[in-house]
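Biologist: I would like a close look at one part of this protein, the nonpolar core and what is packed around it. Please take me through that region step by step, in connected prose.

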Amino acid sequence: MATGDMTIRRQSARKPTSCTKPTITLRGARILLRTPTPSDRREYCSIRTTNDAYFRPWEPRATDGSVPKPAIAFQRMLKAQGDTCRTFLVFESTTNSMIARISCNQIFRGPFQNTIIGYWIIRKHAGKGYMTEALMLALDHIFGDMKLHRVEANLVPKNARSRSLVKRLGFRFEGLAKRYLQIAGRWSDHEHWAITVEEWPRARARLLRSRPARSRTNPARTASRAKRPAAKSHTISR
Ligand SMILES: CC(C)(COP(=O)(O)OP(=O)(O)OC[C@H]1O[C@@H](n2cnc3c(N)ncnc32)[C@H](O)[C@@H]1OP(=O)(O)O)[C@@H](O)C(=O)NCCC(=O)NCCS
């Protein structure tokens, strides 16, 4: 799909490992998003362990405070990939190092066509605009290839960075859900933010106009980029 300065490719090659799901790759100007494979385990566990204290205040956690070990969480993530969940690992293009994760959770089809997203980026790379770029790619994919209608993000009111991120992407505030989810072991109120496929093209165009020049490669190619890709299209490119 033509996506401004982003080229999105879907690779259908199957890997001869226990993970037989097709790998999907989305390419941006500075980052690459890819669905996880078993070979990502070591790096994933390493960045999760190093950033544990940074993520801890914002992450869902059972009342007993227990958290699965990174290796177990990684295995669950691999296993969960399918019709109701799609996760992308985010890599910095220049270093090829893993820096973030975006999950499309609870994918509902039928008349709902909705997903709830989750995301984090390692501390070292926060505040550089990588997550904005990564979520733009993800939203293009969700509304394009995945053909979903609505994307929801839920955050605790004190998570200013997360709020600023979804606002910048054009999500709308839909209201406050009381005692919605356990964060760091406590039932916490959550703000609901959402965006629909009808809203995304305008939000996307506005974002591309406002992004710092260093994160763009070809601003002239921004018009009509958020249309749905042709049905059955596997390789999406300009
Ligand atoms: C929430 C979180 C994902 C936000 O990530 P982030 O790094 O702040 O997001 P971005 O990479 O888009 O950076 C945004 C900031 O960088 C600035 N920026 C710097 N360079 C930029 C560029 N090239 N393009 C766009 N923005 C850029 C933006 O202006 C923005 O600042 P602002 O928020 O003051 O407006 C991150 O803080 C995080 O992982 N936190 C811990 C886990 C968490 O809270 N997860 C979410 C739970 S709901």
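**The core and its surroundings**

Modeller: Helix α4 is mostly covered, with 13 of its 14 residues buried, and I will start from there, bearing in mind throughout that this is a predicted model. The helix runs over residues 130-143 and, with 10 residues, gives the most to the largest nonpolar core. From its first C-alpha to its last α4 reaches 20 Å, close to the 20 Å expected at 1.5 Å a residue.

The core itself has 41 residues, and those with the most contacts inside it are L33, V90, A100, I102, A134, A138 and L139. In soluble globular proteins, nonpolar side chains tend to be buried together. For the protein as a whole, buried residues make up 29% of the 238 residues, within a fold of six helices and 11 strands. Among contacts between residues at least 6 apart in sequence, 61% join residues at least 24 apart.

L33 is a useful residue from which to look outward, for when residues up to four places away in sequence are not counted, L33 touches L26, F88, V90, I102, A134, L137 and A138. The contact with L26 can be followed into the strands, since L33 in β4 is the bridge partner of L26. Strand β3 (residues 24-27) and strand β4 (residues 31-34) run antiparallel and are joined by three bridges, forming a hairpin with three residues between them. In a regular strand the side chains alternate between the two faces of the sheet. Strand β3 shows such an alternation, with I24 and L26 pointing to one face and buried, while T25 and R27 point to the other and are not buried.

Two further contacts of L33, V90 and I102, lead to another set of paired strands. Strand β5 (residues 86-92) is joined to strand β6 (residues 98-108) by six bridges, in the antiparallel sense, and V90 stands opposite A100 in β6. Both V90 and A100 are among the residues with the most contacts inside the core. On to the next strand, β6 pairs with β7 (residues 114-121) over seven bridges, again antiparallel, and here I102 stands opposite Y119 in β7.

The turns of these hairpins deserve a separate word. The hairpin of β5 and β6 has five residues between the strands, and in that loop lies N96, which has a positive phi of about 60° although it is not a glycine. N96 is classed as exposed because it has 9 other C-beta atoms within 10 Å, where 12 or fewer is the limit for that class. The hairpin of β6 and β7 also has five residues between its strands, and G110 in the turn has a positive phi of about 60°. Q113, found in the loop between β6 and β7, has a positive phi of about 50° although it is not a glycine. With 16 other C-beta atoms within 10 Å, Q113 is partly exposed.

Returning to α4, one can also follow the chain to V197, which lies in the loop between β10 (186-196) and α6 (200-210). The C-alpha atoms of V197 and D140 are separated by 9.3 Å, although these residues are 57 residues apart along the chain. Leaving aside its neighbours within four places in sequence, V197 is in contact with F143 and H149. V197 counts as partly exposed because it has 18 C-beta neighbours inside 10 Å, whereas a buried residue needs 20 or more.

Definitions and conventions
Residues numbered from 1 in each chain as written. Predicted model: local features only at pLDDT ≥ 70, side-chain atom pairs only at ≥ 80, totals over all residues. Core = buried A, V, L, I, M, F, W, Y, C linked by C-beta atoms within 7 Å. Helix = DSSP H or I, 4+ residues; strand = E, 2+ residues; numbered from the N terminus. Contact = placed C-beta atoms within 7 Å. Pairing = 2+ DSSP bridges. Expected span 1.5 Å × (residues − 1).
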